[in-house]
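Open the structure in your viewer and keep the selection tool at hand. The stops below follow one another, so take them in order.

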Amino acid sequence: GLVGGRQAMVERAHGSFAHIETLEAEALNLPLSDDSILDAQVGKTPVMVLQEHCHKHVGKLPVYSAAQAGEGEGGNLLHRITVQSGSRLASGVSGTKKRAKQAAALDMLRQLYPHVERWGELVASTNSRQREEKLAQARARRAPGTHAPPAAPPAPPPPPPPPPLCASPQPPHGGASGARDGGVGRGATTSAGV
């Protein structure tokens with residue numbers, strides 16, 4: 001019935017999710033020198049990682065430019081993408097602009113991080129703390145017999161808005177002293193009774 005169908009759907013989704021996690025783990029374990037990183041179908045791409053690096057350390061995004069690189073095997077057009085970050089340049093060549101851009105970003109990351117051995121190390125170094133906490137919580141929820149770490153305390157409520165500004169001044173206390181018609185001298189009386 002309905003419950004059995006729902007359970008089967010959850011099991012299929014869990015199996016798909018487990019497969020995706022396996023693919024991502026395999027990609028993260030690749031050496032940084034391995035161009036198979038460009039073929040990974042899940043996780044962060046070299047363009048994403050380079051953008052996060054530049055955001056954190058350079059202060060502005062990398063700049064990409066495209067050019068034709070001639071013909072490849074079978075007469076297919078090749079694309080060259082060059083990326084600049086600060087004073088560094090890197091490039092990638094491929095039959096598609098998308099893959100050439102990824103290759104250029106990967107080449108730049110290899111220049112910036114020659115000491116890093118694995119793709120996963122580089123990805124982890126650019127992850128934000130919030131993303132890492134969310135991933136840890138998601139893994140803990142999926143792992144049987146474990147509990148997710150406690151959630152962060154909720155953010156404090158925003159401060160109340162300032163009081164509205166008055167459109168017109170309020171009359172002084174103590175009755176009609178001429179404030180409504182512009183003050184003394186235009187039909188107002190004074191306390192001396194004149």
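Select Q84 and then L89 in β3: the two residues stand opposite each other. This is a predicted model, and the tour returns to its confidence at the end.

Now widen the selection to the strands around this pair. Strand β2 covers residues 77-85 and strand β3 covers residues 88-94. The two run antiparallel and are joined by seven bridges. Between them, the hairpin has two residues, and one to click on is G86, whose phi is positive, near 65 degrees.

Next, add β1, residues 63-71. How many bridges join β1 to β2? There are eight, and these strands also run antiparallel. To find a matched pair here, select A67, which stands opposite R80 in β2.

With the three strands shown together, the sheet can be read across. It is open, its order is β1-β2-β3, and the pairing is antiparallel. Which strands stand at the edges? They are β1 and β3; each has a single partner strand, so one side of each is left without a neighbour in the sheet. On average, and ignoring direction, neighbouring strands of this sheet are turned by 20 degrees against each other. As a general point, strands of a sheet pair through backbone hydrogen bonds, in parallel or antiparallel fashion.

Then select helix α3, residues 97-112. This helix lies across β1, β2 and β3, and runs at about 145 degrees to β3.

Add helix α2, residues 46-57. The axes of α2 and α3 are 8 Å apart, and the helices pack at an angle of about 45 degrees. That angle falls outside the ranges for roughly parallel (under 35 degrees) and roughly perpendicular (65 to 115), and the two helices are therefore oblique to each other. The crossing of α2 past α3 is left-handed.

To see what lies in the contact, show side chains on both helices. From α2, select P46, V47, V49, L50 and H53; from α3, select K101, Q102, A105, L106, M108, L109 and L112, which they meet. Sorted by class, this contact has nine nonpolar residues, two polar and one charged.

Last, colour the model by pLDDT. The mean for the protein is 77, and 62% of the residues reach 70 or more. Select residues 175-194: pLDDT stays under 50 there, and the model has nine contacts for this stretch beyond four places in sequence. Where pLDDT is low, predicted coordinates should not be read in detail.

Definitions and conventions:
Residues are numbered from 1 along each chain as its sequence is written. This is a predicted model: local features need pLDDT of at least 70, side-chain atom pairs count only at pLDDT 80 or more; totals for chains, interfaces and linings use all residues. Side-chain values use heavy atoms; hydrogens and water are left out. Axes are lines fitted to C-alpha atoms, for helices over the stretch in contact, and angles run from 0 to 180 degrees between N-to-C directions. Helices (H or I, at least four residues) and strands (E, at least two) are DSSP runs, numbered from the N terminus. Angles under 35 degrees count as roughly parallel, over 145 as roughly antiparallel, 65 to 115 as roughly perpendicular and the rest as oblique. A crossing is left-handed if the near helix is turned anticlockwise from the far one by less than a right angle, and right-handed if clockwise. Contact means heavy atoms within 4.5 Å. Ala, Val, Leu, Ile, Met, Phe, Trp, Tyr, Cys and Pro count as nonpolar, Asp, Glu, Lys and Arg as charged, and the others, Gly among them, as polar. pLDDT is the predictor's confidence in each residue, from 0 to 100. Two strands pair if DSSP finds at least two bridges between them.
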